[in-house]
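Thanks for sharing this one with me. Here are my notes, set out point by point so that you can follow them alongside the model.

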Amino acid sequence: MGAVAIEEPVKTAKLNKQKVRDGVATAVRISRQVFDATRQGKVLVSLALVVVLVASSIGVVVSAHENRGLFNTLSQLQAERDRYQSEWSQLLLEQSALSAHGRVENLAAERFNMVVPGRQDIVLVPLMSPVASQ
């Protein structure tokens, strides 16, 4: 059979409780010093300036982020505008080509058997002036 050694219990609970008490006492002492220091005018002003500085820096970051987003949107809209302008130019060219007098005359002749009237077939109708009709 093997030998069994029994060790005496270590009193770690008291050590841990004592360390916790010391830590709490130190935290209370430091917090009192901080609160006492904040009652001084210079420290209070410094803290206020730090708060304003942090708020200002957050504002700068947010503003820069919004600026980037708006710039990206602007770039996309400008590219879309350029595409629309190009398409508009092409449509204007196509319209002018489709509405050319020669093309319209050829289509009228081919589809509807229309011809340009000769000089002898043209009749001029005089307009009556309003004074002459009374």
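**Notes on the chain and its helices**

1. Let me start with Val62, which is found in helix α2 (residues 41-98). Helices here are DSSP runs of H or I with at least four residues, strands are runs of E with at least two, and both are numbered from the N terminus. Val62 has a relative accessible area of 42% and is partly exposed; that class lies between buried (under 20%) and exposed (over 50%), using a 1.4 Å probe and protein chains only.

2. A word on the ground rules: this is a predicted model, in which local features need pLDDT of at least 70 and side-chain atom pairs count only at pLDDT 80 or more, while totals for chains, interfaces and linings use all residues. Residues are numbered from 1 along each chain as its sequence is written, and side-chain values use heavy atoms, with hydrogens and water left out.

3. How confident is the prediction? The chain has a mean pLDDT of 85, with 84% of its residues at 70 or more; pLDDT is the predictor's confidence in each residue, from 0 to 100. Confidence is highest in α2, at a mean of 94, and lowest in helix α1 (residues 12-38), at 79.

4. The overall layout is easy to describe: the chain holds three helices and zero strands, giving the pattern α-α-α along the sequence. Of its 134 residues, 1% count as buried. The accessible surface is about 13,200 Å², and carbon and sulfur atoms account for 63% of that; areas come from the Shrake-Rupley method with a 1.4 Å probe, and for residues only the protein chains shown count as cover.

5. Back to Val62, together with its partners. Val50, Val54, Ile58 and Val62 make a nonpolar surface patch of about 330 Å². Patches take residues with over 30% relative accessible area and no salt bridge, joining nonpolar side chains (Val, Leu, Ile, Met, Phe, Trp, Tyr) within 5 Å and like charges within 9 Å. An α-helix has 3.6 residues a turn, so residues three or four places apart point the same way.

6. Two UniProt annotations, both from an unreviewed entry, deserve a look. The record gives "transmembrane region" for residues 43-64, a span that is 100% helix with end C-alpha atoms 31 Å apart. It also lists "coiled-coil region" for residues 67-94; these are 100% helix too, and their end C-alpha atoms are 40 Å apart. UniProt positions follow the numbering used here, feature names are shortened, and annotations may be inferred rather than shown by experiment.

7. Which residues form the salt bridge? The side chains of Arg81 and Asp82 meet at 3.2 Å, N to O, and a search of the whole structure finds one such contact. The criterion is a side-chain nitrogen of Lys or Arg within 4 Å of a carboxyl oxygen of Asp or Glu. Arg81 is partly exposed at 43% relative accessibility, as is Asp82 at 38%.

8. Finally, please check Asn113, in the segment after α3. Asn113 has a positive phi of about 55° although it is not a glycine. Most residues other than glycine have a negative phi. At 67% relative accessibility, Asn113 counts as exposed.
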